[in-house]
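Subject: Structure handover, with notes on strand and helix packing

Dear colleague,

I am passing on the structure below, together with some notes on what was found in it. Please read the notes with the coordinates open beside them.

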Amino acid sequence: MHSVLVLPADGPLPMRALDSGAVALLLRLGGALSRDDARTRARAFVETARMRAGRPRLFAQVAPVTGAEIDGDLEAIVCAGLDGVFLEGCEGRGDVQGLSVKLSVREAEAGLPAGALAIVALAAQTPAAVFQLGRYKGASRRLAALAMDESALPGGAQARVAARALLVLGAAAAGVSALDVAPASGEGALAALRREGFAGVIAFSEAEIVAIEAIFGGAIDKRP
């Protein structure tokens, strides 16, 4: 999963994103004035997009597993065509395991095969999360990747550099991919990410996908 295009669900979700060239699309539920509306838009997108031959993999970003919104997110979004979820605020293997249990219930209710839905852990959003990055090995067969996002950490740039290095090492120890967010400085910075051990990049515009594919298109996909 070397290129992921983020689609905020706080407004209309463009079907043209299916032709962006991204390996996966990430429907982001947070940030909307009405989370229920975002859930509805995301599910409708998945139900339409799943019929497209050769479509990207489809993921939804869900609330932290210990939060009040996670069950509503899963109830709304788990359906045929969804390939997995990105877990916000993941602070260790226990969060991945808790989400896996919830997904098993939702899969059964939706008539999906057991284990059909993958998990990508947004695993460096908080200081507590960073200190758990070496403990994901064997957490769940669903775990496909550990990912950075655009969240700021206390300690500024130095803390983020340390978190990125620990995330790459933690992902390698767990046998899953490491994902980072697209840098602002183009193909040279993308090539540096690949040398550092990242297997893919999360993009926020379709224009970034071409450059990401040029650098990461030959990367090994460690999907479950």
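At what angle do the axes of helix α6 and α7 cross, and within what distance do they come? Before the answer, please keep in mind that this is a predicted model, with a mean pLDDT of 93 for the protein and 96% of its residues at 70 or more. One stretch calls for caution, namely residues 220-224, where pLDDT stays under 50 and for which the model has 12 contacts beyond four places in sequence.

To return to the question, the axes of α6 (residues 187-196) and α7 cross at roughly 40 degrees and come within 9 Å. Since angles under 35 degrees count as roughly parallel, α6 and α7 are therefore oblique to each other, and α6 passes α7 in a right-handed crossing. On the α6 side the contact is made by Glu-187, Leu-190, Ala-191, Leu-193 and Arg-194, and on the α7 side by Ala-211, Ile-212, Ile-215 and Phe-216. The residues of this contact of α6 with α7 divide into 7 nonpolar and 2 charged, with no polar ones.

Helix α7 (residues 206-216) also leads to the strands, as it lies across β1 (3-8) and β8, running at about 175 degrees to β8. Those strands belong to a closed barrel of 8 strands, which runs β1-β2-β3-β4-β5-β6-β7-β8 with parallel pairing, and the twist averages 25 degrees from one strand to the next. Within the barrel, strand β7 (residues 177-181) pairs with strand β8 (residues 200-203) in the parallel sense over 3 bridges, and Val-201 in β8 is the bridge partner of Asp-180.

Two further helix pairs, which share α2, may be of interest to you.

The first of these joins helix α1 (residues 35-49) to helix α2 (residues 70-77), which pack at an angle of about 30 degrees with their axes 9 Å apart. Because an angle under 35 degrees counts as roughly parallel, α1 and α2 are described as roughly parallel to each other, and α1 passes α2 in a right-handed crossing. In this contact Arg-35, Arg-39, Ala-42, Arg-43 and Val-46 of α1 meet Gly-72, Asp-73, Glu-75, Ala-76 and Ile-77 of α2. The residues divide into 4 nonpolar, 1 polar and 5 charged.

The other pair is α2 with helix α3 (residues 93-110), which pack at an angle of about 35 degrees with their axes 10 Å apart, again in a right-handed crossing. Here Ile-70, Asp-71, Leu-74 and Glu-75 of α2 make the contact with Leu-99, Lys-102, Leu-103 and Arg-106 of α3, and the residues divide into 4 nonpolar, no polar and 4 charged. Glu-75 of α2 thus appears in the contact with α1 and also in the contact with α3.

With best regards

Methods. Residues are numbered from 1 along each chain as its sequence is written. This is a predicted model: local features need pLDDT of at least 70, side-chain atom pairs count only at pLDDT 80 or more; totals for chains, interfaces and linings use all residues. Side-chain values use heavy atoms; hydrogens and water are left out. Axes are lines fitted to C-alpha atoms, for helices over the stretch in contact, and angles run from 0 to 180 degrees between N-to-C directions. Helices (H or I, at least four residues) and strands (E, at least two) are DSSP runs, numbered from the N terminus. Angles under 35 degrees count as roughly parallel, over 145 as roughly antiparallel, 65 to 115 as roughly perpendicular and the rest as oblique. A crossing is left-handed if the near helix is turned anticlockwise from the far one by less than a right angle, and right-handed if clockwise. Contact means heavy atoms within 4.5 Å. Ala, Val, Leu, Ile, Met, Phe, Trp, Tyr, Cys and Pro count as nonpolar, Asp, Glu, Lys and Arg as charged, and the others, Gly among them, as polar. pLDDT is the predictor's confidence in each residue, from 0 to 100. Two strands pair if DSSP finds at least two bridges between them.
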